[in-house]
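This briefing describes strands, sheets and helices, grouped by topic. Please keep the sequence and the structure in view while reading.

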Amino acid sequence: MERCIWNGNLIDINDYLRPFEKSREIRTASDNGELLCIEPNCLCRTLVFCHGQIRKPYLRHRDNVECYYEEFEKRDTPRIKKIRDKLYDLFIGRGHNVKQIVRFPTGRHYAHLLFDSNGKKIVLQIADKSLNKRQCDAIVSECESSGYLLNWIVIGDTNRYQDDVYNYYISRFVFNTSSDHTLIIINENADRITQTPMAHRRYYNNDFGFCAKGKLEKLVLKDDKFGIDDIDLKYQQWRNQQAERDKKLREKSAQNERIYHTYDINHENNIIKRGISPLSTKLFENELKPGVRFDHKNHGSGIITKIEDNMVYVKFANGCQDSFFVSHFMSSSLIKILK
Ligand SMILES: [Zn+2]
């Protein structure tokens, strides 16, 4: 372990390694039994500071006991710690009543951040892809039986849109089971966030829905929920953009339909006699057929598996399958056909 309570404060021993005088202070505190385990109910709260030649400095319980906090710290990676610190600083700076690393009274897991807001206890829990279903379920159940309101924030890529089926378990879990069906992603640097609310995701068929992006400072706690402060405005802007794009797509689609049907007729008769443009012939003979590979901006590389009834069926390298209208496939700015 690297953290403990000393004189009532949460400290990290890495902050006490230099200069030498500081490391003497921490050794003296250890000798005096002043370094205490963070877990108030630990069976041996007294910790010993250890610092040898090989292993980096650490704290151990003076007696060998099973300690929930020790378990917690093993999974508390530098990445999670950094994000927790940033979130803590953000909200404490705004005057919120928030504590770090508090065990659920009825369980063995710890809330990363626990807010006390108008008499309600609200948890903000940080997760990454390593959090498995069993741990998720345990946290949900302990939080519930403690009477706390649980909110998640998931570490991920804030540059991409969040599409449910392509996400890791924890992202899908949060998106589908959280009370407001909202997925909030934070990047590893802890300076960018995205928010994907399920309520807004099916506005545009065959697309990946709405995902608001912003700086970390945009994150607020409102009505017991976390989210981007101007998400309604962002959603309206997105709708306007979609409507504009929709209009353009319809125009392009009508144009492509004409080419497609002309090609169909001509294929059976004689292409040259009917006078089809060489461009559209090339388009469908060379580009749109099973086996053709393409890159999708959000989902990576894929291959066309079938073309049927005006639909293009595809399989992505990650194993996921999908289908698109021919016109959408040909005109989408997300899709690039590989030569
Ligand atoms: Zn302990």
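In the hairpin formed by β1 and β2, two residues lie between the strands, and N7 adopts a positive phi near 55 degrees. The model is predicted. Strands β1 (residues 3-6) and β2 (residues 9-12) run antiparallel and are joined by four bridges. Within this pair, C4 stands opposite I11 in β2.

**The seven-stranded sheet**

- An open sheet is formed by seven strands, in the order β5-β6-β7-β8-β9-β10-β11, and its pairing is mixed.
- At the edges are β5 (98-103) and β11 (212-215), each of which pairs on one side only.
- Between neighbouring strands of this sheet, the average turn is 30 degrees, direction ignored.
- Strands β5 and β6 run antiparallel and are joined by five bridges.
- The connection from β5 to β6 is a hairpin of six residues.
- Across this pair, Q100 has L113 in β6 as its bridge partner.
- Strand β6 (residues 110-117) is in turn joined to strand β7 (residues 120-127) by five bridges, and these two strands also run antiparallel.
- In the pairing of β6 with β7, S117 stands opposite K120 in β7.

**Helices on the seven-stranded sheet**

- Helix α3 (residues 78-93) lies across β5, β6, β7, β8 (149-155) and β9 (182-186), and runs at about 140 degrees to β5.
- Helix α5 (residues 169-177) packs on the sheet as well, where it touches β7, β8, β9 and β10 (192-197).
- The direction of α5 makes about 145 degrees with that of β8.

**Helix α3 in detail**

- Helix α3 has 16 residues; the distance from its first C-alpha to its last is 22 Å, close to the 22 Å expected at 1.5 Å a residue.
- Which residues of α3 are buried? They are I83, R84 and L87.
- These buried residues lie on the same side of α3 because they cover an arc of only 100 degrees around the axis.
- The strands against which the buried residues of α3 pack are β5, β6, β7, β8 and β9.
- P78, D89 and G93, on the other side of α3, are exposed.
- After α3 comes G95, which has a positive phi, near 85 degrees.

**The five-stranded sheet**

- A further open sheet is made of five strands in the order β17-β16-β15-β14-β18, with antiparallel pairing.
- Its edge strands are β17 (321-325) and β18 (335-337), and each pairs on one side only.
- In this sheet, neighbouring strands are turned by 35 degrees against each other on average, direction ignored.
- Strand β14 (residues 293-296) pairs with strand β15 (residues 300-308) in the antiparallel sense, over four bridges.
- One of the positions in this pairing is H296, whose bridge partner in β15 is G300.

**Points to locate in the structure**

- What is the pairing of each open sheet? The sheet of seven strands is mixed, whereas the sheet of five strands is antiparallel.
- Which strands does α5 touch? Helix α5 touches β7, β8, β9 and β10.
- Positive phi values may be located at N7, in the hairpin of β1 and β2, and at G95, which follows α3.

Note on methods
Residues are numbered from 1 along each chain as its sequence is written. This is a predicted model: local features need pLDDT of at least 70, side-chain atom pairs count only at pLDDT 80 or more; totals for chains, interfaces and linings use all residues. Two strands pair if DSSP finds at least two bridges between them. Axes are lines fitted to C-alpha atoms, for helices over the stretch in contact, and angles run from 0 to 180 degrees between N-to-C directions. Two residues are in contact if their C-beta atoms, placed from the backbone, lie within 7 Å. The expected span of a helix is 1.5 Å times one less than its number of residues. A residue is buried if 20 or more other C-beta atoms lie within 10 Å of its own, exposed if 12 or fewer, and partly exposed in between; C-beta atoms are placed from the backbone. The arc is that of the directions from the helix axis to the C-beta atoms.
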